[in-house]
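Please open the model in your viewer and keep the sequence panel beside it, since this tour moves from one selection to the next.

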Amino acid sequence: MPAHSTGASRAEVVADTALALLAERGMRGLTHRAVDEAAVLPPGSTSNVARTRQALLELAVRRHAEREARVLALHEMPDPDGGPDALVDGLALAVHRSLTRNRELLVARYELALEATRRPELRAYYDAIGARYGDRLTALVAALGSTDPARHALSLVAWADGLMFSCVAGSFSQRVPGLDEVRTGLRELLAGMLGTAAPLRR
């Protein structure tokens, strides 16, 4: 299990450990007792933070969103005035960062997403937290001249998610594309969406 930063709250320790367990053991390996043991906490500590399994999963989703926000770094997303190339560069950096330095976080996300398909209450929670990324991306492609911003944002997210899944848990798990390769793929996709009115650099 990863070391926790000095000053981390008990809830953060529990949530980080839950995410590590999800990545290492899957959903079946996530129990209150397992979190206590892995985090070297007194028995019952996790239950005091999140009494039910649903509460523990919601805590994990919240913490995952906090940590992924630092990886995807919405504050690093470019100003629309930077044009398509700035968006390509920003998205490529976020995707490559996830693939190279945060693979455990990606695996935990897949576990939580699958569990959300079986728990409607978790689905609503999961989707509400993730909506801010889609909203931000939709606004960016709209500012670049997209004729269908919502659909184009979905396509960009689907492309990035598909690449990350394939390279972390899918048939390309032994091959991590370089930053330039990710950038090229995004450039081609965005150029097709925006057409010749907004050409991208080569």
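**A buried histidine**

Select His 152 to begin: its relative accessible area is 5%, so the residue counts as buried, where buried means under 20% relative accessible area, exposed means over 50% and partly exposed lies in between, for a 1.4 Å probe and protein chains only. The model is a predicted one, in which local features need pLDDT of at least 70 and side-chain atom pairs count only at pLDDT 80 or more, while totals for chains, interfaces and linings use all residues. Residues are numbered from 1 along each chain as its sequence is written, and side-chain values use heavy atoms, with hydrogens and water left out.

His 152 belongs to helix H8 (residues 149-168); helices here are DSSP runs of H or I with at least four residues, numbered from the N terminus. If neighbours within four places in sequence are set aside, His 152 is in contact with Ser 146, Thr 147 and Met 193, contact being heavy atoms within 4.5 Å.

**Along helix H5**

Next, select residues 83-101, which form helix H5. The 19 residues of H5 should span 27 Å at 1.5 Å a residue, and the end C-alpha atoms are 28 Å apart, which agrees; the expected span is 1.5 Å times one less than the number of residues. H5 is mostly covered, with 14 of its 19 residues buried.

**Salt bridges**

Stay on H5 and add Arg 183 and Asp 89 to the selection, because their side chains form a salt bridge at 2.9 Å, N to O, a salt bridge being a side-chain nitrogen of Lys or Arg within 4 Å of a carboxyl oxygen of Asp or Glu. Arg 183 lies in helix H9 (residues 179-194) and Asp 89 in H5, so this pair ties together parts that are 94 residues apart in sequence. Arg 183 is buried, at 17% relative accessible area, whereas Asp 89 is partly exposed, at 26%.

How many salt bridges does a search of the whole structure find? The search finds 15. Another of them to display is Glu 181 with Arg 175, at 2.7 Å, N to O; Glu 181 is partly exposed at 38% relative accessible area, and Arg 175 is partly exposed at 42%. Then select Glu 12, Asp 16, Arg 63, Glu 66 and Arg 67, which are joined into one network by salt bridges that share partners.

**The aromatic pair**

The count of aromatic pairs comes to one, under a rule by which rings of Phe, Tyr and Trp (its six-membered ring) pair if their centres lie within 6.5 Å, with planes under 30 degrees apart counted as stacked, over 60 as edge-to-face and the rest as tilted. Show Tyr 110 and Phe 165: their ring centres are 5.2 Å apart and their planes stand at 70 degrees, so the pair is edge-to-face. Tyr 110 is in helix H6 (residues 103-116) and Phe 165 in H8, and the pair links parts of the chain 55 residues apart. Tyr 110 is buried, at 15% relative accessible area, while Phe 165 is partly exposed, at 42%.

**The largest pocket**

Finally, select Arg 109, Gly 130, Tyr 133, Val 157 and Asp 161, which of the 35 residues lining the largest pocket are the closest to its centre. The volume of this pocket is about 880 Å³. Which helix gives the most to its lining? H7 does, with 11 residues.

Note on methods:
Helix = DSSP H or I, 4+ residues; strand = E, 2+ residues; numbered from the N terminus. 1 Å grid on protein atoms, 1.4 Å probe; cavity = no way out; pocket = protein on both sides within 12 Å on 5 of 7 lines; lining within 4 Å. Points joined across faces, edges and corners; volume = space filled by probe spheres on them.
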